[in-house]
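Trainee: I have a new structure to look at, and I would like to learn how to read it. Could we go through it together?

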Amino acid sequence: MPDVTSDRNRQGPEPQDSGAGGGAQPLMRPLAGRSLEAASAQRLQNLSRRLMHAEEEERKRLGRELHDRVGANLSALGMGLELLRKQLPDDAGGPVARRIGDLQDILLDTMAHVRAVLADLRPTALDELGLLPALRHQAGVLTARTGIRFLVAGSEPSPRLAPDCEIAFYRIAQEAWSNASKHSGARSVGLTISQQGSVVSMVIDDDGMGFELAELPAGTPSLGLTTMRERAEAIGAVLEVGTALGAGVSVRLALDRDRPRAGADR
Ligand SMILES: Nc1ncnc2c1ncn2[C@@H]1O[C@H](COP(=O)(O)OP(=O)(O)OP(=O)(O)O)[C@@H](O)[C@H]1O
Ligand SMILES: [Mg+2]
């Protein structure tokens with residue numbers, strides 16, 4: 001007969017005995033503490049996932065607004081300016097024509113900015129093409145913008161990851177790339193996606209100056225590393241950041257698709 005008394009004492013007072021089935025309760029007790037912990041970890045993970053999901057939905061909504069309202073108006077402005085330019089008398093080099101040309105330049109510049117913001121708000125390539133092509137596209141944009149070589153290798157997970165996992169992988173890559181651009185002084189940054197059995201991994205390495213994780217000044221208003229970790233936890237994945245001064249930074253994300261995750265596909 002197992003001795004449940006000590007556990008009983010550890011667990012504090014007896015619950016109110018409702019009568020029926022009360023005798024089975026003590027045998028369940030030794031598990032109660034652990035299952036409470038597991039349950040609150042699960043609740044936190046669910047909450048995180050819902051927050052990330054809400055953020056992505058809000059981004060999509062903003063993207064639609066920007067595209068439909070601002071984008072459409074900018075296009076109308078562009079057509080109007082072009083019409084005006086054509087209706088001018090023949091003095092193409094005159095002051096009015098020059099002014100219209102300037103306005104067209106500003107408009108093109110604004111449209112390019114809006115397109116960049118739209119792409120960041122809602123990476124449509126992700127929905128349409130998949131994780132790897134979307135990352136390759138973004139790597140090309142960053143290479144052109146920064147002069148650092150962003151390289152993407154590996155293969156698309158098969159079957160494709162669930163949408164919330166894809167977006168988490170994508171956003172984590174974005175933050176790691178942003179950190180490499182801002183802080184590392186790297187010449188090249190590699191990203192590899194691989195799959196071994198049920199585990200899908202993404203590794204992002206830069207050849208920059210690295211940093212001492214332990215020596216980040218207290219109160220540093222740095223959300224990037226924290227948010228990466230939260231995004232990983234929200235999909236039940238594990239994120240590790242490896243770095244040392246002078247030795248670059250390596251961000252490793254691993255998602256085990258066989259690990260059960262409440263309320264979601266992967
Ligand atoms: N790839 C990297 N190379 C060198 N240092 C890095 C790299 N990634 C992060 N760091 C260091 O770690 C700090 C914390 O990074 P984190 O992404 O959390 O914040 P941040 O980039 O400074 O700000 P935020 O992401 O909130 O805009 C950085 O300020 C930088 O000192
Ligand atoms: Mg950052």
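Trainee: Let me start with a small detail: which residue in β3 is the bridge partner of G190?

Mentor: Good place to begin! The partner of G190 is D205. Keep in mind that this is a predicted model. That bridge is part of a bigger set, as eight bridges join β2 to β3.

Trainee: In which direction do β2 and β3 run relative to each other, parallel or antiparallel?

Mentor: Those two strands run antiparallel. When you read a sheet, go on to ask about the order of its strands. Here five strands form an open sheet in the order β1-β2-β3-β5-β4, and the pairing is mixed.

Trainee: Which are the edge strands?

Mentor: Look for strands that pair on one side only: these are β1 and β4, the latter spanning 238-243. From one strand to the next, the twist averages 10°.

Trainee: What packs on the sheet?

Mentor: Helix α6 does, touching β1, β2, β3 and β5. Its direction makes about 10° with that of β3. Another helix, α7, lies across β4 and β5 and runs at about 150° to β4.

Trainee: Let me step back. How many helices and strands does the protein chain have?

Mentor: It has seven helices and five strands. Read from the N terminus, the elements go α-α-α-α-α-β-α-β-β-α-β-β.

Trainee: How should I read a nonpolar core?

Mentor: Start with the general idea: in soluble globular proteins, nonpolar side chains tend to be buried together. In this model, the largest nonpolar core has 35 residues, and those touching the most other members are A168, F169, I172, A173, A232 and L253. Several elements give two or more residues to this core, including α5, β1, α6 and α7. The largest share, nine residues, comes from α6.

Trainee: Which residues does A168 touch, leaving out those up to four places away in sequence?

Mentor: A168 touches M52, R231, A232, A234 and I235.

Trainee: And which residues come nearest to ligand 1?

Mentor: Of the 16 residues around ligand 1, the nearest are N179, S184, S222, G224 and L225. Two elements, α6 (163-184) and α7 (224-234), each give two or more residues to this shell. Helix α6 has the largest share here, with five residues.

Trainee: How do the residues of that shell divide by type?

Mentor: Seven are nonpolar, seven are polar and two are charged. So you have met α6 in three places: packed on the sheet, in the largest nonpolar core and around ligand 1.

Technical notes:
Residues numbered from 1 in each chain as written. Chains lettered and ligands numbered in written order. Predicted model: local features only at pLDDT ≥ 70, side-chain atom pairs only at ≥ 80, totals over all residues. Helix = DSSP H or I, 4+ residues; strand = E, 2+ residues; numbered from the N terminus. Near = placed C-beta within 6 Å. Nonpolar A, V, L, I, M, F, W, Y, C, P; charged D, E, K, R; others polar. Core = buried A, V, L, I, M, F, W, Y, C linked by C-beta atoms within 7 Å. Buried ≥ 20, exposed ≤ 12 C-beta atoms within 10 Å, placed from the backbone. Contact = placed C-beta atoms within 7 Å. Pairing = 2+ DSSP bridges. Axes fitted to C-alpha atoms, helices over the stretch in contact; angles between N-to-C directions.
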